[in-house]
Amino acid sequence: MAAALDGHETAVRTSAGIDGLTVLAVDDERPALDDLVHLLSADPHVGTVLSASNGADALRILTADPRRTGCAARVVDAVFLDIRMPGIDGLELARLCTALPSPPMVVFVTAHEDKAVAAFEVGAVDYLLKPLHSARLATTLDRIAAVRAASTTPPAEEVLPVELGGTTRLVPRSKVRWVEAQGDYVRLHTDGESHLVRMPLGELEERWRGAGFLRVHRSFLVARNRIRALRRNNPGHVVQVATGGEPPEVELPVSRRHLAAVRAELRGDWSGLT
């Protein structure tokens, strides 16, 4: 029996069916969501069922740190979603899914027959009409399980959802040069752009520590491969960070608390530390 988990929860626990599919059910109508979760949980192909009552919560699940969700390196295999939802609707969420490093398969579960063409245009693998029956769902899950079994997709790179001009975009971690704390938010600096995300810097440091990001100051987290120099700048030290844009480099302060760790971390990369 799969574990059905509410998308509002921070932690995700995987059921005993650990080799089964990890699926996400999305519907803004609670009875419909409960029914979909029940049917997915009952299918033998499914190991974990996550749920969300809107597109924004679904996107947070899809872009969450797998260490916090408890799914190790696993990603969501398939998303089962309604089309008409407030905020980020099903079609927009499906488009965002295609931009993920390891896109999940998308299945629409809806009462609206007139959106099938639009659904398949955004890459849906199936279009199921409500009321949903277990036999029809089983056919879809058979196909999804077969595709996943044949997949050799490498582990996904983490992405963060950001808002830009009323549109949700996904920023890959590899595009971020440095991160700046701004109260309860962090500002992600990429080449020529910056994006504000509601998240404490300490949480992002924990998530990205193993991905080459180095804490240099209580307010700054830097991609180590973008650091060009560590130098004295009386009365302290700074790191010079390549931006890929104009100006070509920025200087960020290194606090005394973090200086020894920064030196030790960088010493293996180059010896010209000052």
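Visitor: Let's start with β4 and strand β5 (residues 105-110): in which sense do they pair?
Guide: Keep in mind that we're looking at a predicted model. Strands in a sheet pair through backbone hydrogen bonds, and the two options are parallel and antiparallel. For β4 and β5, there are 4 bridges, and the sense is parallel.

Visitor: Which residue in β5 is the bridge partner of Leu81?
Guide: β4 covers residues 78-81, with Val79 and Leu81 on one side and Ala78 and Phe80 on the other. Ala78 has Met105 as its bridge partner in β5. For Leu81, the partner in β5 is Phe108.

Visitor: Strand β2 (residues 21-26) is joined to β4 as well, by how many bridges?
Guide: One of the contacts to look for is Ala25, whose bridge partner in β4 is Phe80. β2 and β4 run parallel, and the number of bridges joining them is 4.

Visitor: Which helix goes with β4 and β5 in a right-handed β-α-β unit?
Guide: β5 takes part in two such units. With β6, the right-handed unit is made through helix α5 (residues 116-121). With β4, the helix of the right-handed unit spans residues 90-98, and that's α4.

Visitor: Are the residues of β5 buried or exposed?
Guide: Check one side of the strand and you get Met105, Val107 and Val109; the other has Val106, Phe108 and Thr110. Both faces are covered. That makes 6 of its 6 residues buried.

Visitor: What is the bridge partner of Val107 in β6?
Guide: β6 runs over residues 126-129 and lies parallel to β5, with 4 bridges joining the two. Val107 sits on the β5 side that also holds Met105 and Val109. Its partner in β6 is Asp126.

Visitor: How are the rings of Phe120 and Tyr127 arranged: stacked, edge-to-face or tilted?
Guide: A search of the whole structure turns up 3 aromatic pairs. In this one, the ring centres are 6.4 Å apart. Planes under 30 degrees apart would count as stacked and over 60 as edge-to-face. Phe120 and Tyr127 have their planes at 45 degrees, so the pair is tilted.

Visitor: What does Tyr127 count as at 11% relative accessibility, buried or exposed?
Guide: Its ring partner Phe120 is partly exposed, with a relative accessible area of 43%. The cut-off for buried is under 20%. At 11%, Tyr127 counts as buried.

Visitor: Which residue joins Phe120 and Tyr127 to form one aromatic cluster?
Guide: You've already met this residue in β5, as the bridge partner of Leu81. The third member of the cluster is Phe108.

Visitor: What about Trp208 and Phe213, at what angle are their planes?
Guide: Both of these residues are buried. Their ring centres lie 4.7 Å apart. This pair is tilted too, because the planes are at 50 degrees.

Visitor: Over to the open sheet of 3 strands, β14-β15-β16: which strands stand at the edges?
Guide: The pairing here is antiparallel. 6 bridges join β14 to β15 (residues 236-242), and one of the partnerships is Leu230 with Val239. Two strands have a single partner strand each, so one side of each is left without a neighbour in the sheet; those are β14 and β16.

Visitor: Which helix packs on that sheet?
Guide: The sheet's twist averages 25 degrees from one strand to the next. The helix spans residues 256-267 and touches β14, β15 and β16. Its direction makes about 140 degrees with that of β14, and its name is α8.

Key:
Residues numbered from 1 in each chain as written. Predicted model: local features only at pLDDT ≥ 70, side-chain atom pairs only at ≥ 80, totals over all residues. Heavy atoms only, no water. Phe/Tyr/Trp six-rings, centres within 6.5 Å; stacked < 30°, edge-to-face > 60°. Buried < 20%, exposed > 50% of the residue type's maximum accessible area, 1.4 Å probe, protein only. Pairing = 2+ DSSP bridges. Axes fitted to C-alpha atoms, helices over the stretch in contact; angles between N-to-C directions. Contact = heavy atoms within 4.5 Å. Right-handed = clockwise from strand over helix to strand, strands pointing away.
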